Amino acid sequence: MLVGIGPGSVEHMTLRARAAIAEADVVIGYVTYIKLVADLVEGKRIVRKSMTEELDRAVQALEEAQAGHKVALISSGDAGVYGMAGPTYEVLFQAGWTPEHPVEVEVIPGASAINACAARVGAPLTHDFCSISLSDLLTPWPVIARRLDAAAAADFVVALYNPKSGRRTQQIVQAQRLFLRHRRPDTPVAIVKSAYRRRERIEFTTLAQMCEADIGMLSTVLIGNSNTTIQHGRMVTPRGYANKYDVADGGSTREGEKPGRSLSTGLSGWYQDLHERHAQGASAAALSQLHKLPLDYIEAVLAEPLQEELTLSAASQDE
Ligand code: SAH
């Protein structure tokens, strides 16, 4: 059982995670996490491992399971998010494991740091977001840098995992540099250290100043998108209701918009607008620049006849 135990408080562990640990004969994990479930592991065989022994932990879990023991391999947060689930499957596949194998595998989900930290600061993930780990222990820097650049350019809200450690202090500076090429210096940033743990600390800052903040191994850095704000100590990314409704006057629909329908600038509206502009003489290249979309995509869209179905339908099932 690959158990995600959540951010670090018993209250935020799932019932299944607690049951899995209670069922196990052997519990394997990092010392800090085993301490969090001390009440459940009494009388069990416990294997404490350090941070760098991930593959060892996976190999040992397999050996124990093959010997007939029920094993709980503990990860903080979610076991599949920069956690033990991946390395364990890699070890299993290398050993020739298949789903028919007598060793059964269960991944038990938990609230990841991104969920926990977001909840502590407000509602920063209400629009598209992604996470990027700044750890270059197993990932080449150009790969990380390209993802930072792409996420910054695409205006994602971004959670930076593993932002900084004693030895890795410059990755966060480089991340800031890449972000500043696309985002305003006053973009809101929240730094959450040890969410839901005893030494929890939350700091609000800006993209321009984030490197001056106290950031460490136990911190997650949340960078807002171009619409994110911090008000009254809450970091919030608007869902987009203001594009369609007049939020202040209780929710009347803005002119040209319909409840339950795609936005006028949604796919159908955009499609129509694109064709109209093109018909009025705008070149594909100009439209590509206007919308910051690849020229070949714009050309492909323009090459299709305007579909009535597409422009009239769009009764959306969205909330
Ligand atoms: N599997 C874990 C992530 C492990 S990577 C999960 O899903 O959350 C380790 C990184 O996770 C840390 O460097 C930090 O960026 C983040 N992290 C884990 N727990 C955290 C917590 N309680 N508060 C803030 N960040 C946390």
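Trainee: Which residues form a nonpolar patch on the surface, with about 200 Å² of accessible area together?

Mentor: This is a predicted model, in which local features need pLDDT of at least 70, side-chain atom pairs count only at pLDDT 80 or more, and totals for chains, interfaces and linings use all residues. Residues are numbered from 1 along each chain as its sequence is written, and side-chain values use heavy atoms, without hydrogens and water. A patch takes residues with over 30% relative accessible area and no salt bridge (Lys or Arg side-chain nitrogen within 4 Å of an Asp or Glu carboxyl oxygen), joining nonpolar side chains within 5 Å and like charges within 9 Å. Here the members are Ile202, Phe204 and Ile230.

Trainee: Does Ile202 count as buried, partly exposed or exposed, and why?

Mentor: Buried means under 20% relative accessible area, exposed over 50%, and partly exposed in between, with a 1.4 Å probe and protein chains only. Ile202 lies in strand E10 (residues 201–206). Because its relative accessibility is 30%, Ile202 counts as partly exposed.

Trainee: What is the order of the open sheet of five strands?

Mentor: Strands are DSSP runs of E with at least two residues, numbered from the N terminus, and two of them pair if DSSP finds at least two bridges between them. Strand E3 (45–49) and strand E5 (107–108) are the edges, each pairing on one side only. With parallel pairing, the order is E3-E2-E4-E1-E5.

Trainee: Which residue in E4 is the bridge partner of Leu2?

Mentor: Strand E1 (residues 2–4) runs parallel to strand E4 (residues 71–75), and three bridges join them. In E4, the partner of Leu2 is Leu73.

Note on methods: Accessible areas come from the Shrake-Rupley method with a 1.4 Å probe; for residues, only the protein chains shown count as cover. Helices (H or I, at least four residues) and strands (E, at least two) are DSSP runs, numbered from the N terminus.
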